Amino acid sequence: MSAHSDLIARLPKAELHLHIEGSFEPELMMAIAERNRIDIPFKTLEEAKAAYDFSNLQEFLDIYYQGMNVLRTEQDFHDMTWAYLERVRQDNVVHVEMFFDPQAHTERGVPFGVVAEGILAALKRGEAELGITSELIMSFLRHLSEGDGFVLLDESIPWHEHFIGVGLDSSEVGHPPLKFKGLFERCRELGFKLCLHAGEEGPPEYVREALLDIGADRIDHGNRAMEDPALIQVLRDTQTPLTNCPLSNLSLCVLDDLKKSPVKTQLEEGLLVCVNSDDPAYFGGYMNQNYEAITDALDLSADQIIQLARNSFTGSFLSQSQKDLHLSEIDRVIAG
Ligand code: ADE
Ligand code: ZN
């Protein structure tokens with residue numbers, strides 16, 4: 001429990017950096033493996049959790065791609081997405097802009113439509129039954145080629161109306177944003193928002209490329225941008241949202257101590273940073289646990305916590321009128 005747990009719980013929040021496959025809890029994974037008669041390397045929950053001990057991004061990704069191997073049917077993708085939505089309702093998450101990794105499924109022979117329809121069905125249900133609004137962001141795996149990305153873009157054409165944007169994730173170092181310049185240009189022409197992971201493990205140059213060469217609408221993580229004062233100035237001037245993920249940074253050893261997180265400095269510098277969970281099933285916490293951890297580590301004030309929640313809506317792809325409704329709800333909660 002954090003000193004500000006009550007405030008954190010009461011604030012409505014948007015989640016802007018969440019990989020739906022990273023919300024796949026081992027309990028559900030084991031149930032779906034049994035349903036689909038697939039062998040998994042874990043016999044018990046404890047064994048699964050014991051394997052979730054990473055010292056860098058790649059070690060995590062190896063387990064993450066292995067875990068999603070049991071997902072085969074629309075029902076599986078629905079159930080995973082629904083479980084996430086039910087869970088974050090408890091954390092007062094009222095809007096989510098969710099990544100999914102289609103190439104991690106299509107390359108196993110699962111058709112794109114199975115993945116998309118399963119997730120979309122749960123998102124629709126989430127709005128109707130839980131009041132959580134959502135958008136979907138289709139991510140390209142950066143360890144694959146730009147050509148592979150173009151194949152995915154073509155394959156996904158029948159569903160384009162259902163995605164607000166495209167992302168870039170997976171192994172960062174050695175796969176700079178410029179590797180995908182042509183692909184993102186095409187995505188921009190198609191009207192997609194561009195969200196790029198940059199500066200998680202990769203150098204500040206990757207954030208610079210994402211921002212200045214690609215024209216990213218949002219930077220996911222962006223921690224290492226803080227090494228470059230000129231880049232900080234650009235982030236401030238453009239108010240480009242930074243989706244920070246505290247427990248992820250700690251689990252993947254991007255930081256050895258959350259006290260070294262850039263979040264407080266970013267707030268003080270007037271950058272549009274918000275807090276997110278990234279892959280909550282793997283990193284030990286959903287939205288409010290991320291808020292609590294960063295609040296305690298950096299001794300954030302109530303005003304700074306409120307600013308983070310406000311930034312989550314300001315940095316979203318909601319319309320201005322929808323943002324205004326959420327921001328006035330925050331005002332109402334604080335006043336109460
Ligand atoms: N895919 C899922 N989580 C990721 C992360 N933290 N960084 C890069 N790719 C990811
Ligand atoms: Zn991520």
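**Entry: the annotated domain.** I began with the UniProt record, an unreviewed entry, which places the feature "domain: Adenosine deaminase" at residues 12-332. The model I examined is predicted. I then looked up the secondary structure over residues 12-332 and found 50% helix and 15% strand. The C-alpha atoms at the two ends of this stretch are 11 Å apart.

**Entry: the annotated binding site.** I next asked which residues the UniProt annotation "binding site" covers. The unreviewed entry lists His17, His19, His197 and Asp278. I checked how these residues are placed: they are spread over 262 residues of sequence, yet they cluster in space, with a largest C-alpha distance of 11.8 Å. Of these residues, I found His19, His197 and Asp278 in the lining of the largest cavity. For His17, I noted a place in strand β1, which runs over residues 13-19.

**Entry: the location of ligand 1.** I asked where ligand 1 sits. I found ligand 1 in the largest cavity, the cavity whose lining includes the annotated residues His19, His197 and Asp278.

**Entry: the shell around ligand 1.** I listed the residues that surround ligand 1: His19, Leu57, Phe60, Leu61, Tyr64, Asp169, Ser170, His197, Glu200, His221, Asp278 and Asp279. I sorted this shell by class and obtained four nonpolar, four polar and four charged residues. I also asked which helix gives the most to the shell. Helix α4, residues 57-67, does so with four residues.

**Entry: polar contacts of ligand 1.** I looked up the distances from protein N or O atoms to nitrogen atoms of ligand 1. From the side chain of Asp278, an N or O atom is 2.7 Å from a nitrogen atom of the ligand. For Asp279, I recorded a polar side-chain atom 2.7 Å from a nitrogen atom of ligand 1. Ser170 takes part through its backbone, with an N or O atom 2.8 Å from a ligand nitrogen atom. I then checked how much of ligand 1 is covered: on its own the ligand has 260 Å² of accessible area, and the protein covers 100% of it.

**Entry: cross-check.** I compared the record with the shell. Asp278 is annotated as "binding site" in the unreviewed UniProt entry, and its side chain holds an N or O atom 2.7 Å from a nitrogen atom of ligand 1.

Definitions and conventions. Residues are numbered from 1 along each chain as its sequence is written. Chains are lettered from A and ligands numbered from 1 in the order in which they are written. This is a predicted model: local features need pLDDT of at least 70, side-chain atom pairs count only at pLDDT 80 or more; totals for chains, interfaces and linings use all residues. Side-chain values use heavy atoms; hydrogens and water are left out. A residue is near a molecule or strand if one of its heavy atoms lies within 4 Å of it. A polar contact is a pair of N or O atoms within 3.5 Å; within protein, one must be able to donate a hydrogen and the other to accept it, and residues adjacent in sequence count only if both atoms are side-chain atoms. Accessible areas come from the Shrake-Rupley method with a 1.4 Å probe; for residues, only the protein chains shown count as cover. On a 1 Å grid over the protein atoms alone, a cavity is a set of points where a 1.4 Å probe fits but cannot get out, and a pocket is an open set with protein on both sides within 12 Å along at least five of seven lines; lining residues have an atom within 4 Å of a point. A molecule sits in a cavity or pocket if more than half of its atoms lie within 2 Å of its grid points. Ala, Val, Leu, Ile, Met, Phe, Trp, Tyr, Cys and Pro count as nonpolar, Asp, Glu, Lys and Arg as charged, and the others, Gly among them, as polar. UniProt positions are given in the numbering used here, feature names are shortened, and annotations may be inferred rather than shown by experiment.
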